Amino acid sequence: MTEFDIVGPEAIREGVATDAYFERTEATLRHAGKNPRVVAEVTADQFPDGDFEVFAGVKDAAALLEGHDVDVDAMFEGQLFDGGPVMRIEGNYLEFARLETSLLGFLSHASGCATAALDARVAAPNTPVFSFGARHVHPSIAAMVERSALVAGLDGFSHVAAGEILGKDASGTMPHALLIAFGRGNQADAFRAFDDAVPEDVPRVALCDTYGDETEEVLRAVETLGDDLDSVRLDTTSSRRGDFRHIAREVRWELDARGHEDVGIFVSGGLGPAELRHLRDVVDGFGVGGYISNANPVDFALDIVEVDGEPAAKRGKLSGVKEVYRTTDGGHHVGLRGRPGPTDGESLLEPLIRDGELVREFDLDAATRRTREDAEKVGFGEE
Ligand SMILES: O=P(O)(O)OC[C@H]1C[C@H](OP(=O)(O)OP(=O)(O)O)[C@H](O)[C@@H]1O
Ligand SMILES: [Zn+2]
(Lines give C-alpha, C1' and ligand atoms only; values in the text may rest on other atoms or scores of the structure.)
(Ligands and ions follow the chains in the order given, each with its own letter.)
Protein backbone atom coordinates (compact mmCIF):
# COMPACT_ATOMS: atom_id res chain seq x y z
CA MET A 1 0.00 0.00 0.00
CA THR A 2 1.53 3.37 -1.01
CA GLU A 3 1.98 5.67 1.97
CA PHE A 4 1.05 9.37 1.91
CA ASP A 5 4.00 11.78 2.00
CA ILE A 6 2.78 13.51 5.14
CA VAL A 7 4.90 14.78 8.07
CA GLY A 8 3.03 13.21 10.99
CA PRO A 9 2.35 14.31 14.59
CA GLU A 10 5.22 12.19 15.96
CA ALA A 11 7.81 13.88 13.71
CA ILE A 12 6.42 17.27 14.74
CA ARG A 13 6.43 16.45 18.45
CA GLU A 14 9.93 14.94 18.33
CA GLY A 15 11.33 18.03 16.62
CA VAL A 16 12.23 16.18 13.43
CA ALA A 17 9.84 18.49 11.54
CA THR A 18 12.55 21.11 11.58
CA ASP A 19 14.98 22.86 9.26
CA ALA A 20 18.36 21.14 9.00
CA TYR A 21 20.25 24.22 10.18
CA PHE A 22 18.66 23.88 13.59
CA GLU A 23 20.24 20.42 13.94
CA ARG A 24 23.57 22.00 13.00
CA THR A 25 22.98 24.78 15.49
CA GLU A 26 22.35 22.25 18.23
CA ALA A 27 25.55 20.35 17.38
CA THR A 28 27.58 23.54 17.26
CA LEU A 29 26.30 24.97 20.54
CA ARG A 30 26.71 21.63 22.29
CA HIS A 31 30.25 21.34 20.91
CA ALA A 32 31.00 24.82 22.25
CA GLY A 33 29.32 24.08 25.55
CA LYS A 34 26.83 26.90 25.00
CA ASN A 35 23.17 26.83 25.86
CA PRO A 36 22.29 30.36 26.94
CA ARG A 37 19.11 31.24 28.73
CA VAL A 38 17.18 33.32 26.25
CA VAL A 39 13.91 35.07 25.66
CA ALA A 40 12.59 34.63 22.12
CA GLU A 41 9.57 36.43 20.68
CA VAL A 42 7.24 35.49 17.82
CA THR A 43 6.57 38.69 15.87
CA ALA A 44 5.34 39.63 12.43
CA ASP A 45 5.82 43.42 12.34
CA GLN A 46 8.09 45.25 14.79
CA PHE A 47 5.86 48.34 14.96
CA PRO A 48 2.07 48.70 14.66
CA ASP A 49 1.05 49.81 11.16
CA GLY A 50 -2.74 49.81 11.55
CA ASP A 51 -3.11 46.47 9.75
CA PHE A 52 -4.63 43.98 12.19
CA GLU A 53 -4.49 40.20 11.83
CA VAL A 54 -6.08 37.37 13.82
CA PHE A 55 -3.90 35.24 16.08
CA ALA A 56 -4.57 31.52 15.58
CA GLY A 57 -2.74 28.19 15.74
CA VAL A 58 -2.07 28.65 19.48
CA LYS A 59 -3.48 25.26 20.51
CA ASP A 60 -1.14 23.36 18.19
CA ALA A 61 1.77 25.60 19.21
CA ALA A 62 1.05 24.85 22.87
CA ALA A 63 0.94 21.11 22.16
CA LEU A 64 4.35 21.43 20.50
CA LEU A 65 5.99 23.32 23.39
CA GLU A 66 4.30 21.46 26.23
CA GLY A 67 6.71 19.14 28.05
CA HIS A 68 9.76 21.24 27.23
CA ASP A 69 11.42 23.13 30.10
CA VAL A 70 10.24 26.56 29.00
CA ASP A 71 7.90 29.32 30.14
CA VAL A 72 5.64 30.68 27.40
CA ASP A 73 3.37 33.72 27.38
CA ALA A 74 1.08 34.32 24.43
CA MET A 75 -1.92 36.21 23.22
CA PHE A 76 -5.17 34.30 23.22
CA GLU A 77 -6.52 32.48 20.17
CA GLY A 78 -8.75 34.90 18.26
CA GLN A 79 -7.15 38.08 19.57
CA LEU A 80 -6.11 40.62 16.94
CA PHE A 81 -2.56 41.90 16.69
CA ASP A 82 -0.79 44.71 14.90
CA GLY A 83 2.93 44.62 15.55
CA GLY A 84 5.05 43.42 18.43
CA PRO A 85 5.19 39.91 19.87
CA VAL A 86 2.26 37.50 19.92
CA MET A 87 4.19 34.87 21.89
CA ARG A 88 7.26 34.84 24.14
CA ILE A 89 9.38 31.81 25.04
CA GLU A 90 11.82 31.84 27.97
CA GLY A 91 14.28 29.03 28.61
CA ASN A 92 17.61 27.55 27.60
CA TYR A 93 17.83 27.94 23.85
CA LEU A 94 18.55 24.28 23.10
CA GLU A 95 15.32 23.37 24.90
CA PHE A 96 13.30 24.68 21.92
CA ALA A 97 15.68 25.65 19.09
CA ARG A 98 14.58 22.89 16.71
CA LEU A 99 10.89 23.52 17.41
CA GLU A 100 11.00 26.91 15.66
CA THR A 101 10.08 25.55 12.24
CA SER A 102 6.88 23.85 13.37
CA LEU A 103 6.04 26.58 15.86
CA LEU A 104 6.07 29.28 13.19
CA GLY A 105 4.31 26.99 10.74
CA PHE A 106 1.44 26.38 13.15
CA LEU A 107 1.03 30.07 13.97
CA SER A 108 1.68 31.60 10.56
CA HIS A 109 -0.66 29.45 8.47
CA ALA A 110 -3.59 29.40 10.91
CA SER A 111 -3.34 33.15 11.55
CA GLY A 112 -3.37 33.80 7.81
CA CYS A 113 -6.50 31.68 7.30
CA ALA A 114 -8.23 33.16 10.35
CA THR A 115 -7.54 36.70 9.13
CA ALA A 116 -8.97 35.93 5.69
CA ALA A 117 -12.00 34.31 7.31
CA LEU A 118 -12.52 37.45 9.41
CA ASP A 119 -12.37 39.51 6.20
CA ALA A 120 -15.27 37.39 4.94
CA ARG A 121 -17.08 37.57 8.27
CA VAL A 122 -17.08 41.35 8.48
CA ALA A 123 -18.04 41.62 4.79
CA ALA A 124 -21.34 39.84 5.45
CA PRO A 125 -21.92 40.13 9.21
CA ASN A 126 -25.58 39.15 9.11
CA THR A 127 -25.46 36.35 6.52
CA PRO A 128 -24.39 32.72 7.07
CA VAL A 129 -20.90 32.17 5.64
CA PHE A 130 -19.38 28.69 5.34
CA SER A 131 -15.79 27.59 4.78
CA PHE A 132 -15.76 25.46 1.62
CA GLY A 133 -12.09 25.57 0.60
CA ALA A 134 -10.64 22.32 2.00
CA ARG A 135 -10.29 21.01 -1.56
CA HIS A 136 -7.67 23.63 -2.34
CA VAL A 137 -5.20 22.54 0.35
CA HIS A 138 -3.25 19.50 1.53
CA PRO A 139 -5.73 17.28 3.42
CA SER A 140 -3.47 17.12 6.49
CA ILE A 141 -4.22 20.78 7.28
CA ALA A 142 -7.98 20.73 6.72
CA ALA A 143 -8.72 20.89 10.47
CA MET A 144 -6.47 23.96 10.76
CA VAL A 145 -8.34 25.73 7.94
CA GLU A 146 -11.76 24.91 9.36
CA ARG A 147 -10.79 25.79 12.96
CA SER A 148 -9.40 29.10 11.75
CA ALA A 149 -12.68 29.81 9.96
CA LEU A 150 -14.67 29.09 13.14
CA VAL A 151 -12.32 31.22 15.27
CA ALA A 152 -13.07 34.09 12.90
CA GLY A 153 -16.78 33.55 13.42
CA LEU A 154 -17.87 31.71 10.27
CA ASP A 155 -21.03 29.65 10.57
CA GLY A 156 -19.76 26.27 9.40
CA PHE A 157 -17.41 24.31 7.20
CA SER A 158 -17.46 21.39 4.76
CA HIS A 159 -14.64 19.01 5.77
CA VAL A 160 -15.92 15.88 7.56
CA ALA A 161 -12.65 14.71 9.19
CA ALA A 162 -11.95 18.24 10.37
CA GLY A 163 -15.36 18.21 12.02
CA GLU A 164 -14.48 15.02 13.89
CA ILE A 165 -11.35 16.70 15.24
CA LEU A 166 -13.19 19.92 16.11
CA GLY A 167 -16.23 18.16 17.53
CA LYS A 168 -18.59 19.93 15.16
CA ASP A 169 -20.63 18.63 12.22
CA ALA A 170 -19.51 19.47 8.71
CA SER A 171 -22.12 20.82 6.32
CA GLY A 172 -22.54 21.30 2.59
CA THR A 173 -24.92 21.11 -0.33
CA MET A 174 -24.43 19.01 -3.48
CA PRO A 175 -21.68 19.01 -6.14
CA HIS A 176 -22.08 19.34 -9.90
CA ALA A 177 -20.84 15.76 -10.12
CA LEU A 178 -24.14 14.58 -8.68
CA LEU A 179 -26.16 16.32 -11.39
CA ILE A 180 -23.78 15.13 -14.11
CA ALA A 181 -24.03 11.53 -12.87
CA PHE A 182 -27.79 11.70 -13.50
CA GLY A 183 -27.19 13.21 -16.94
CA ARG A 184 -28.28 16.27 -18.86
CA GLY A 185 -31.98 16.94 -18.47
CA ASN A 186 -32.33 14.71 -15.40
CA GLN A 187 -31.82 17.37 -12.75
CA ALA A 188 -35.27 16.62 -11.27
CA ASP A 189 -34.32 12.95 -10.81
CA ALA A 190 -31.13 14.03 -9.04
CA PHE A 191 -32.98 16.44 -6.74
CA ARG A 192 -35.56 13.78 -5.91
CA ALA A 193 -32.99 11.05 -5.26
CA PHE A 194 -31.05 13.43 -3.00
CA ASP A 195 -34.22 14.18 -1.05
CA ASP A 196 -35.00 10.45 -0.72
CA ALA A 197 -31.47 9.36 0.20
CA VAL A 198 -30.01 12.01 2.50
CA PRO A 199 -30.77 12.12 6.27
CA GLU A 200 -33.79 14.21 7.25
CA ASP A 201 -31.73 16.76 9.19
CA VAL A 202 -29.66 17.73 6.13
CA PRO A 203 -30.98 20.91 4.49
CA ARG A 204 -32.29 20.33 0.96
CA VAL A 205 -30.11 22.73 -1.06
CA ALA A 206 -30.42 22.10 -4.81
CA LEU A 207 -27.48 23.14 -6.99
CA CYS A 208 -29.10 24.98 -9.89
CA ASP A 209 -26.51 25.97 -12.46
CA THR A 210 -25.16 22.75 -13.99
CA TYR A 211 -26.62 22.65 -17.49
CA GLY A 212 -29.29 25.26 -17.90
CA ASP A 213 -30.19 28.78 -16.98
CA GLU A 214 -30.16 29.29 -13.21
CA THR A 215 -33.78 30.46 -13.05
CA GLU A 216 -34.96 27.54 -15.16
CA GLU A 217 -33.13 25.01 -12.95
CA VAL A 218 -34.40 26.72 -9.78
CA LEU A 219 -37.99 26.43 -10.96
CA ARG A 220 -37.37 22.79 -11.79
CA ALA A 221 -36.08 22.29 -8.22
CA VAL A 222 -39.13 23.89 -6.62
CA GLU A 223 -41.44 21.90 -8.90
CA THR A 224 -39.61 18.72 -7.88
CA LEU A 225 -39.17 19.18 -4.15
CA GLY A 226 -41.91 21.68 -3.31
CA ASP A 227 -41.94 22.51 0.41
CA ASP A 228 -39.03 20.09 1.02
CA LEU A 229 -36.69 22.50 -0.77
CA ASP A 230 -34.81 24.69 1.72
CA SER A 231 -32.54 26.63 -0.64
CA VAL A 232 -30.94 26.67 -4.02
CA ARG A 233 -27.20 27.07 -4.58
CA LEU A 234 -25.84 29.14 -7.45
CA ASP A 235 -22.18 28.42 -8.18
CA THR A 236 -22.27 29.79 -11.69
CA THR A 237 -19.01 29.13 -13.44
CA SER A 238 -17.03 32.29 -14.22
CA SER A 239 -17.37 31.85 -18.02
CA ARG A 240 -21.13 32.22 -17.66
CA ARG A 241 -21.39 34.37 -14.57
CA GLY A 242 -22.00 37.81 -16.00
CA ASP A 243 -23.85 39.89 -13.44
CA PHE A 244 -24.12 37.45 -10.52
CA ARG A 245 -26.07 39.97 -8.47
CA HIS A 246 -28.64 40.37 -11.23
CA ILE A 247 -28.93 36.58 -11.59
CA ALA A 248 -29.55 36.24 -7.83
CA ARG A 249 -32.17 39.02 -7.91
CA GLU A 250 -33.93 37.44 -10.90
CA VAL A 251 -34.02 34.05 -9.14
CA ARG A 252 -35.37 35.73 -6.00
CA TRP A 253 -38.06 37.46 -8.05
CA GLU A 254 -39.18 34.29 -9.83
CA LEU A 255 -39.25 32.31 -6.56
CA ASP A 256 -41.31 34.99 -4.83
CA ALA A 257 -43.62 35.36 -7.85
CA ARG A 258 -44.53 31.70 -7.34
CA GLY A 259 -44.97 31.92 -3.59
CA HIS A 260 -41.58 30.46 -2.62
CA GLU A 261 -40.38 33.33 -0.43
CA ASP A 262 -39.14 30.67 2.02
CA VAL A 263 -36.63 29.16 -0.43
CA GLY A 264 -33.16 30.62 0.26
CA ILE A 265 -30.49 31.50 -2.28
CA PHE A 266 -26.97 30.30 -1.42
CA VAL A 267 -24.04 31.34 -3.60
CA SER A 268 -20.45 30.14 -3.93
CA GLY A 269 -17.53 30.07 -6.33
CA GLY A 270 -14.63 32.50 -6.31
CA LEU A 271 -16.18 34.69 -3.63
CA GLY A 272 -14.20 37.10 -1.45
CA PRO A 273 -15.11 40.07 0.77
CA ALA A 274 -15.91 42.36 -2.18
CA GLU A 275 -18.37 39.86 -3.65
CA LEU A 276 -19.92 39.24 -0.23
CA ARG A 277 -20.49 43.00 0.27
CA HIS A 278 -21.98 43.21 -3.25
CA LEU A 279 -24.32 40.24 -2.80
CA ARG A 280 -25.21 40.18 0.89
CA ASP A 281 -28.51 42.03 0.49
CA VAL A 282 -29.81 39.74 -2.25
CA VAL A 283 -28.73 36.25 -1.09
CA ASP A 284 -29.20 34.16 2.05
CA GLY A 285 -25.85 32.45 2.47
CA PHE A 286 -22.29 32.15 1.14
CA GLY A 287 -19.76 29.38 0.58
CA VAL A 288 -16.26 30.79 0.58
CA GLY A 289 -13.40 28.52 -0.36
CA GLY A 290 -10.12 29.67 -1.76
CA TYR A 291 -10.21 33.12 -0.26
CA ILE A 292 -9.79 31.49 3.16
CA SER A 293 -7.97 28.21 2.47
CA ASN A 294 -5.46 29.84 0.11
CA ALA A 295 -4.73 32.81 2.36
CA ASN A 296 -1.08 33.78 2.70
CA PRO A 297 0.41 32.73 6.03
CA VAL A 298 1.29 35.61 8.35
CA ASP A 299 5.04 36.26 8.10
CA PHE A 300 5.95 35.46 11.71
CA ALA A 301 9.58 35.13 12.81
CA LEU A 302 11.05 33.85 16.08
CA ASP A 303 13.72 36.24 17.33
CA ILE A 304 15.96 36.02 20.37
CA VAL A 305 15.61 39.39 22.13
CA GLU A 306 17.47 38.68 25.38
CA VAL A 307 20.46 36.47 26.17
CA ASP A 308 21.38 35.71 29.78
CA GLY A 309 19.40 38.75 30.89
CA GLU A 310 20.94 41.19 28.39
CA PRO A 311 18.97 42.78 25.50
CA ALA A 312 19.90 41.25 22.15
CA ALA A 313 18.52 41.38 18.60
CA LYS A 314 19.62 41.08 15.01
CA ARG A 315 19.54 44.12 12.76
CA GLY A 316 15.98 45.18 11.90
CA LYS A 317 14.56 43.63 15.07
CA LEU A 318 14.04 45.29 18.46
CA SER A 319 16.01 44.00 21.46
CA GLY A 320 14.60 43.48 24.90
CA VAL A 321 11.53 41.68 26.20
CA LYS A 322 8.30 43.42 25.20
CA GLU A 323 4.71 43.71 26.27
CA VAL A 324 1.81 44.48 23.97
CA TYR A 325 -1.31 46.31 25.08
CA ARG A 326 -4.88 46.84 23.84
CA THR A 327 -6.07 50.31 24.75
CA THR A 328 -9.69 51.27 25.25
CA ASP A 329 -9.72 53.13 21.90
CA GLY A 330 -8.72 49.88 20.14
CA GLY A 331 -5.05 50.79 19.86
CA HIS A 332 -2.23 48.25 19.85
CA HIS A 333 0.84 49.37 21.76
CA VAL A 334 4.26 47.73 22.07
CA GLY A 335 6.60 48.59 24.94
CA LEU A 336 9.51 47.15 26.89
CA ARG A 337 8.63 44.84 29.76
CA GLY A 338 9.02 46.60 33.10
CA ARG A 339 8.45 50.06 31.59
CA PRO A 340 5.09 51.80 32.15
CA GLY A 341 2.55 50.90 29.47
CA PRO A 342 -0.46 52.99 28.35
CA THR A 343 -2.58 53.90 31.40
CA ASP A 344 -5.66 52.29 29.80
CA GLY A 345 -3.66 49.41 28.32
CA GLU A 346 -4.64 45.76 28.83
CA SER A 347 -1.58 43.51 28.56
CA LEU A 348 -2.23 40.86 25.91
CA LEU A 349 0.50 38.27 26.53
CA GLU A 350 -0.72 35.89 29.24
CA PRO A 351 0.76 32.61 30.62
CA LEU A 352 0.42 29.67 28.26
CA ILE A 353 3.07 27.29 29.64
CA ARG A 354 4.92 27.33 32.98
CA ASP A 355 7.85 24.94 33.57
CA GLY A 356 6.68 22.95 30.58
CA GLU A 357 3.12 22.58 31.90
CA LEU A 358 0.17 23.93 29.90
CA VAL A 359 -1.70 26.47 32.03
CA ARG A 360 -4.46 27.42 29.56
CA GLU A 361 -7.54 25.66 28.23
CA PHE A 362 -8.69 26.01 24.65
CA ASP A 363 -12.33 26.77 23.99
CA LEU A 364 -13.26 27.34 20.35
CA ASP A 365 -16.48 29.20 21.17
CA ALA A 366 -14.61 31.50 23.57
CA ALA A 367 -12.04 32.18 20.84
CA THR A 368 -14.84 33.08 18.41
CA ARG A 369 -16.34 35.51 20.94
CA ARG A 370 -12.91 37.01 21.56
CA THR A 371 -12.37 37.62 17.84
CA ARG A 372 -15.76 39.30 17.47
CA GLU A 373 -15.19 41.55 20.48
CA ASP A 374 -11.62 42.49 19.59
CA ALA A 375 -12.48 43.06 15.92
CA GLU A 376 -15.20 45.48 17.00
CA LYS A 377 -12.84 47.21 19.43
CA VAL A 378 -10.10 47.76 16.82
CA GLY A 379 -12.54 48.48 14.00
CA PHE A 380 -11.36 45.56 11.82
CA GLY A 381 -12.56 45.83 8.23
CA GLU A 382 -14.24 49.19 8.72
CA GLU A 383 -14.17 50.95 5.40
O1 LIG B 1 -12.90 28.06 -3.65
P2 LIG B 1 -14.08 28.81 -4.15
O3 LIG B 1 -13.90 29.30 -5.54
O4 LIG B 1 -14.53 29.90 -3.20
O5 LIG B 1 -15.30 27.74 -4.29
C6 LIG B 1 -15.83 27.02 -3.24
C7 LIG B 1 -17.02 26.23 -3.80
C8 LIG B 1 -17.16 26.36 -5.28
C9 LIG B 1 -16.86 25.00 -5.84
O10 LIG B 1 -17.61 24.74 -6.96
P11 LIG B 1 -17.09 23.63 -7.99
O12 LIG B 1 -15.65 23.82 -8.21
O13 LIG B 1 -18.02 23.68 -9.12
O14 LIG B 1 -17.22 22.29 -7.20
P15 LIG B 1 -18.50 21.38 -7.04
O16 LIG B 1 -18.94 21.01 -8.40
O17 LIG B 1 -18.00 20.24 -6.24
O18 LIG B 1 -19.50 22.24 -6.33
C19 LIG B 1 -17.27 24.06 -4.75
O20 LIG B 1 -18.67 23.94 -4.74
C21 LIG B 1 -16.81 24.77 -3.53
O22 LIG B 1 -17.61 24.42 -2.45
ZN1 LIG C 1 -18.80 22.17 -9.70
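Start by selecting helix α5, residues 142-151: ten of its ten residues are buried, so the helix is mostly covered. The model is a predicted one. Click along the helix and the buried positions come up by name: A142, A143, M144, V145 and E146, then R147, S148, A149, L150 and V151. The list takes in E146 and R147. After α5, step on to G153, where phi is positive, near 100 degrees.

**The whole protein**

Zoom out and show the full protein, which has 383 residues, 51% of them buried. Draw it as a cartoon to see 14 helices and 18 strands. Along the principal axes, the C-alpha atoms fill a box of roughly 75 × 55 × 35 Å. Colour by pLDDT next: the mean is 97, and 100% of the residues reach 70 or more. The scores for the model are ipTM 0.93 and pTM 0.97.

**Two annotated spans**

Select residues 19-111. UniProt, in an unreviewed entry, lists this span as "domain: Quinolinate phosphoribosyl transferase N-terminal". In the model the span is 34% helix and 25% strand. Its end C-alpha atoms lie 21 Å apart.

Then select residues 114-303, given by UniProt, again in an unreviewed entry, as "domain: Quinolinate phosphoribosyl transferase C-terminal". Here the chain is 45% helix and 13% strand. A distance drawn between the end C-alpha atoms of residues 114-303 reads 23 Å.

**Ligand 1 and its shell**

Centre the view on ligand 1 and display the residues around it. How many residues surround ligand 1, and which are the closest? There are 13, and the closest are H136, H176, D235, G270 and G290. Coloured by class, the shell shows four nonpolar, six polar and three charged residues.

Now draw distances from the oxygen atoms of the ligand. A polar backbone atom of G270 is 2.7 Å from an oxygen atom of ligand 1. For R233, a polar side-chain atom lies 2.9 Å from a ligand oxygen. For R135, an N or O atom in the side chain is 3.2 Å from an oxygen atom of ligand 1. Turn on the surface after this: of the 490 Å² of accessible area that ligand 1 has on its own, the protein covers 74%.

**D235**

Stay at the ligand and pick D235, one of the closest residues to ligand 1. D235 sits in the loop between β9 (231-234) and α10 (238-241). Which side chains does the side chain of D235 contact? One is that of S268, in a polar contact of 2.6 Å. Another is the side chain of R233, at 3.4 Å. R233 also has the 2.9 Å approach to a ligand oxygen noted above.

**Two loops with positive phi**

Move to D308, in the loop between β12 (301-307) and β13 (310-311). D308 is not a glycine, yet its phi is positive, about 45 degrees. Is D308 buried or exposed? Its relative accessibility is 52%, so D308 counts as exposed, the cut-off being over 50%.

Finish at D355, in the loop between β17 (350-354) and β18 (357-358). D355 also has a positive phi, near 50 degrees, in a residue other than glycine. Its relative accessible area is 60%, and D355 is therefore exposed.

Definitions and conventions. Residues are numbered from 1 along each chain as its sequence is written. Chains are lettered from A and ligands numbered from 1 in the order in which they are written. This is a predicted model: local features need pLDDT of at least 70, side-chain atom pairs count only at pLDDT 80 or more; totals for chains, interfaces and linings use all residues. Side-chain values use heavy atoms; hydrogens and water are left out. A residue is near a molecule or strand if one of its heavy atoms lies within 4 Å of it. A polar contact is a pair of N or O atoms within 3.5 Å; within protein, one must be able to donate a hydrogen and the other to accept it, and residues adjacent in sequence count only if both atoms are side-chain atoms. Accessible areas come from the Shrake-Rupley method with a 1.4 Å probe; for residues, only the protein chains shown count as cover. Ala, Val, Leu, Ile, Met, Phe, Trp, Tyr, Cys and Pro count as nonpolar, Asp, Glu, Lys and Arg as charged, and the others, Gly among them, as polar. UniProt positions are given in the numbering used here, feature names are shortened, and annotations may be inferred rather than shown by experiment. Helices (H or I, at least four residues) and strands (E, at least two) are DSSP runs, numbered from the N terminus. pLDDT is the predictor's confidence in each residue, from 0 to 100. Buried means under 20% relative accessible area, exposed over 50%, partly exposed in between (1.4 Å probe, protein chains only).
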